[in-house]
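Biologist: Hey, can you walk me through the aromatic rings in this one? I'm new to this, so please explain the terms as we go.

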Amino acid sequence: MPVGISVNSDDRQYNGRITWYVLLSCMIAASGGIIFGYDVGISGGVTSMDPFLQKFFPGVYKNMKQDKSISNYCKFDSQLLTCFTSSLYIAGLISSFFAAQVTQKFGRRISIITGGIAYMLGATLGGVALNIWMLLLGRILLGVGLGFTNQSVPLYLSEMAPSRYRGAFNVAFQICVSIGYNSATLINYGTVRIHGGWGWRVSLALAGVPAAVLAFGALFVPETPNSLIEQGKDQNNVKKVLQRIRGTDDVDEELKDLIEASYASKAIKKPFKNLMQRKYRPQLVMSVLMPFFQQITGINVISFYAPILFLTIGSGENNSLLAATITGIVGSTFTLITVVLVDRLGRRPLFHIGGIQMLVCQALVGVLMAIKLSDHGTMEKSYALAVLVLTCIYIAGFGLSWGPLAWVVTSEIFPLEIRSAAQSIVVAVNLSLTFIIAQAFLAMLCHFKSGIFFFFAAWVLLMSTFVYFLLPETKGIPIEKMDRIWREHFFWKRVLGDGELPEDGKKIESL
């Protein structure tokens, strides 16, 4: 049975090359990922700092330091503590729906600027917080920035990039997430040593630095040609922008396809309702399941709570922050490797390789925790080191696959007429699951104990099976021609029913 598709090498490509203009513009836009990664990494670090816990979460501090009767798995079980982490994502979820309208009507660039400003306000408030309510309000403002940037940045990168390099450009967003996460863990490792107990303020406030780069840098980047046409701008001016972006005067073919896609888009008055039509069923399924699976890998358990996990198995405060830094560097390294491989090997092979790594490592960590970590006491140093190594291999697998590629796939498969609506669903599902996992994990760790790792391993097995059978290969296919992959897939063509292939469609062969 055919389970995937590939496009013949004679598939049409648009003219153009990677120009410094588009490269610098995408670097500024992708810096939105730095703030995202920074906020994820910083929350896990500061919640393991004694002065921060004493000021805002004294009950957790007492459990950790004084109450010896509480299980290792339950010391950090506090809904208020998880609310600090998860409030970022519920705010992002709500704001993403407003961001979808802004992105479609006013452009990707305006949405990016709005997100950057919200990030700056949130970072400032977090750094000067005097009580828990100021702290949570700062996180909520960061969440608003998250909703706007996660809505607009992947679209911006996907539309600016030449089609043959689109995968690498979209991976840049995940690279920036990794850079932000690593920066946060390194900063936490330094600020925990500041005498006086105010190091956590530095950690929280420094999120304003990349936010300022994003907000002010976005003032000087161009709007995407897709968005300009969508807004009804003069086609001659759009052509000039496209020529500058592509570095060639011969852009007529790409411009023609963009205009045709725009006409189709404008014929749709209710994009969310339109997304429910049968002809968009594959895109709807992917817009829900790809971000769902990305979050249910368990990666946010590592990202949010890596220092807490290593404290749970008996590492000291400094060692737990160092371990989180090591895992972050490993993730960044393999995300960089994905940039090289994604447009050579394709998306599907990387999903398969990464899925196997993640599945095996989650299961082995669960076994070690079950055998070597009881409710009281600490894990032996050699086994704790083994957990760290397995965690690094797991994160390497995520960096090769679901980390960057879930964003890559969902940013390239949607036709223009449903793109903003579908992307808002992607962001909403992503943030919903992130919120649920962040809010529930510490309670799940307390009740499931080592079984939590087998829980996530089962999901990795399920999502790997989904990719193997139901995700077509999208490598090298122009966004405007992406609809043909569903018509030639063994399963999706049955879902779509009878329909004509695009007139210029090339033969697509089963893998």
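Modeller: Sure, one term up front: buried means under 20% relative accessible area, exposed means over 50%, and partly exposed is in between (1.4 Å probe, protein chains only). This is a predicted model, where local features need pLDDT of at least 70, side-chain atom pairs count only at pLDDT 80 or more, and totals for chains, interfaces and linings use all residues. Residues are numbered from 1 along each chain as its sequence is written, and side-chain values use heavy atoms, with hydrogens and water left out.

Biologist: Okay, is F52 buried or exposed?

Modeller: F52 is buried, because its relative accessible area is 0%.

Biologist: And how many aromatic pairs are there in the whole structure?

Modeller: The search finds 16. Rings of Phe, Tyr and Trp (its six-membered ring) pair if their centres lie within 6.5 Å; planes under 30 degrees apart are stacked, over 60 edge-to-face, and the rest tilted.

Biologist: Why is the F52 and F57 pair called tilted?

Modeller: Their planes sit at 50°, so the pair is tilted, with the ring centres 5.8 Å apart. F57 is buried, as is F52.

Biologist: What about F52 and W200?

Modeller: That aromatic pair is edge-to-face, with 5.5 Å centre to centre and 70° between the planes. W200 counts as buried because its relative accessibility is 3%.

Biologist: New topic: which residue lies over the face of Y21?

Modeller: R244 does, at 3.8 Å from the ring centre. The rule is NZ of Lys or CZ of Arg within 6 Å of the ring centre and within 35 degrees of the ring normal.
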